[in-house]
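Visitor: I would like a close look at a single part, the enclosed empty space inside this protein. Please take me through it with care.

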Amino acid sequence: MAAEALQHPKTRPIELLQRRSIRHRLWVGSVTLLVASGSLFLLWPVYFMLITSLKTSGGAFILPIKWLPYIQYEPQWANYKEALEFMKWTVVYGNTLKVASLAMIGDVLSATFVAYGFARFRAPFRNTLFTMMLATLMIPFAVRLVPEYLSFARLGMIDTFWPLILPPWLGSAFNIFLLRQFFTTIPLAMDEAATIDGAGPLRILFQILVPQIRPALIVVAIGSFTFHWNDFLRPLLYLNLPANRTAAVALSFFSAVYGGTPFNLLMAAALVMLIPVLVLFFTLQRYYIQGVVISGVKG
Amino acid sequence: MKERVLTRRRLVAVLGLASAGAVLAACGAAATPTAPPAKPAEAKKPAAETKPGTAPAAAGANYAPAKPAGGSIVWLVRSTPQENKGQEAIFEPAIKQALPNIQVNRVIVPGAQYVAKINSMAAAKDNLDIWGFGGNYYDYWARSMPQDLTGYISADNWDVGNYFQQGLMDIYKVRGKYYGVSQLTTFGSVMAYNREMFDKAGLKPPPVKWDDPEWTWDRMIEYATKMTKNAGKPDAEYGVAVNLWNRETSLPYLWGGDCTPQEHYTNTITPKMDFNNPAVIDSHQARQDLIFKNKVSPDPATTKAMEAVGSVFKTGKIGMMLDGGWLFWEASDIKDFKIGYAALPKAKTNKHINFNDFWIMGRWSTNKDAAWQIMRVLSDVPQTTAYAIHSGTPPTPRASLRPWLESVSKYSNMSVDDLVTLTTGAIDPKNAQESSDHHWLQFAKINDAYDQEIDALWTNPTATAKDVITKMAPTRDSTAKGIYDQFEDSLPKG
């Protein structure tokens with residue numbers, strides 16, 4: 001019917017347009033309702049975190065669950081202050097921000113260079129090297145844990161941020177793979193045209209190719225930042241001193257033995273810990289979704 | 001499509017760029033690894049002090065060494081907010097005051113990774129001077145990890161037997177030598193009860209005396225029956241939950257028996273357990289009956305659901321809860337209903353598990369004198385008293401008991417005298433046995449297998465304890481024998 005209407009625009013009756021408009025509104029309404037329900041469903045745990053964070057320590061466990069602050073119980077906003085002070089938020093957030101930012105820069109830069117190399121340069125054993133690099137994705141961290149720890153211990157890097165920052169600067173197989181796939185979708189003719197205009201490899205990379213793979217770089221950046229922001233095991237292994245503590249480790253200190261975990265404080269701290277990642281995500285949301293869509297199709 | 005060829009010039013250019021990037025990264029990160037220690041201002045203003053009146057200041061340390069040591073010490077603790085706040089607010093300032101030349105690095109490790117961290121630090125001979133908070137200390141001893149402290153105790157003329165609560169220092173005395181300093185006791189296992197459910201059912205609170213002949217398992221069922229409502233439904237209230245940990249031992253104790261020969265507690269290993277005996281069978285059957293026959297206890301699925309939001313007892317839907325003495329501090333923040341504490345009821349006895357922790361000095365410590373002096377400050381009465389009140393956790397020196405019980409009295413609405421009767425009765429060696437998870441080598445191996453197999457009894461109403469336990473017994477023996485064979489020749493001789 002739509003095709004017919006397009007073929008004979010002048011013959012479309014007004015009723016049809018009106019009916020289509022109502023149908024369209026109904027469709028948009030239904031979809032909105034569906035998405036809203038889905039969002040509510042997904043946000044429900046976050047709401048549970050919020051209401052638990054506002055309860056007293058003992059009140060967090062009482063059944064039946066009280067869902068409505070101000071109506072069913074007096075919200076304890078002071079929990080946020082207590083939780084942040086307990087985890088020494090200025091220290092741990094500062095440390096985590098340093099580690100996550102430097103690791104993110106390392107991840108993006110190293111992946112860009114290596115992926116560029118694999119995508120654009122001919123070199124002996126290139127495909128074999130690429131396959132070997134991909135194979136490293138199959139090795140679980142638990143297997144690398146001990147030798148990695150011993151290596152950093154011998155280098156005198158325990159209780160420093162180096163074991164957390166250095167590896168991303170040496171490349172991550174997944175990020176390299178992702179960016180290489182993006183590079184290969186850009187026609188070589190663009191490189192050749194730039195070469196004719198006198199551009200070298202670095203100028204081609206930064207002025208021709210990087211602007212075109214910006215969504216992919218943002219996917220890598222957000223993924224890397226989120227991973228390092230939430231990383232628990234590595235900081236736990238490598239960092240001991242309180243001055244070096246990171247947020248994920250500090251968050252784990254709310255867990256107590258014998259069921260003594262103060263869930264209200266834990267939830268407050270966990271909610272606050274979400275904020276930087278949410279800010280980063282919403283700031284770069286447009287590019288991120290573009291990157292995910294493109295990688296979903298072509299990556 | 002023409003591909004770019006990697007020439008030497010390009011390779012050199014790329015390598016140069018990569019090196020420059022690495023140098024830049026190193027410069028950028030250089031400041032981070034050498035992050036300065038916590039500013040004095042932060043140390044002076046601990047988080048716990050934000051609640052005025054809740055952090056009583058330590059009244060100055062009594063312990064003063066003749067020759068104060070110096071250097072630095074690594075002190076490992078587990079993550080538990082109540083304890084960590086107390087360490088920061090009470091112990092650290094006291095150490096600074098008493099031993100200003102010692103730099104203490106308190107390392108907090110999440111509870112789940114705590115023992116693994118101790119083991120890995122010991123294996124790597126990483127700096128670890130003092131640790132406490134559980135683990136299997138006979139296992140530590142078997143691996144020659146703890147320093148023998150007998151010499152230090154003698155040199156200080158420290159009468160540890162009278163300084164600490166009855167019998168506590170004997171627990172980690174192996175072959176006449178002290179390997180730890182008493183740090184924490186749970187005062188055994190205990191019953192916490194919901195006063196409001198008792199009042200509603202018109203019941204009198206259960207007694208605090210451990211030798212009360214009226215307070216029996218059957219009386220407990222009678223009470224529980226009166227308090228149970230709508231069992232099995234979403235709004236159910238249950239009379240009792242027997243959550244006693246380490247049920248393999250704790251349940252048979254109540255029936256006057258044990259699942260293993262006594263030598264397991266002294267030798268740390270045994271070639272054969274004694275699992276298939278009437279005390280084990282009857283006690284397990286009694287617990288299953290509470291769930292399916294008497295219908296006064298939540299079944300495992302309901303318990304899991306209730307635990308989803310934390311502690312079962314804190315839900316306010318359980319009349320009586322039998323568990324380790326951590327109920328003293330775990331339940332201290334309950335404001336929505338009134339609570340109380342009582343002795344365990346007698347089935348045939350009311351023998352129960354006591355859980356004790358010790359400060360232990362690493363044998364490989366490179367600053368042992370300083371570590372010892374820190375351990376003394378950690379055990380000093382002003383600190384242990386203030387810390388116990390601040391954290392809610394029970395103290396071990398005799399002189400700290402009453403002040404701590406005064407704080408327990410406030411939230412439990414019980415008299416201090418009643419609490420003294422309850423706690424001192426609980427750790428009387430004739431009523432209590434130190435937990436097997438602190439005694440038996442490779443306890444986790446024994447316990448994990450038990451937990452997995454015994455579920456057949458707790459989850460299946462038609463299963464009987466006799467059948468399940470008879471079936472489990474050979475595996476229990478073979479597990480014990482395997483551990484015995486592994487360690488028989490390698491235990492320390494001295």
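Guide: A cavity here is a set of points, on a 1 Å grid over the protein atoms alone, where a 1.4 Å probe fits but cannot get out, and its lining residues have an atom within 4 Å of a point. Grid points are joined across faces, edges and corners, and a volume is the space filled by probe spheres set on the points. This is a predicted model, in which local features need pLDDT of at least 70 and side-chain atom pairs count only at pLDDT 80 or more, while totals for chains, interfaces and linings use all residues. Residues are numbered from 1 along each chain as its sequence is written, and chains are lettered from A in the order in which they are written.

The structure holds two cavities of 30 Å³ or more, and the largest has a volume of about 130 Å³. Among the 16 residues lining this largest cavity, Phe91(B), Gln183(B), Trp359(B), Tyr387(B) and Pro394(B) are the closest to its centre. Two or more lining residues come from each of helix 3 (81-98), strand 7 (181-185), helix 16 (368-379) and helix 17 (381-391) of chain B, where helices (H or I, at least four residues) and strands (E, at least two) are DSSP runs numbered from the N terminus. Strand 7 of chain B supplies the largest share, three residues. By class, the lining of the largest cavity comprises nine nonpolar, six polar and one charged residue, with Ala, Val, Leu, Ile, Met, Phe, Trp, Tyr, Cys and Pro counted as nonpolar, Asp, Glu, Lys and Arg as charged, and the others, Gly among them, as polar.

Notes: Side-chain values use heavy atoms; hydrogens and water are left out. On a 1 Å grid over the protein atoms alone, a cavity is a set of points where a 1.4 Å probe fits but cannot get out, and a pocket is an open set with protein on both sides within 12 Å along at least five of seven lines; lining residues have an atom within 4 Å of a point.
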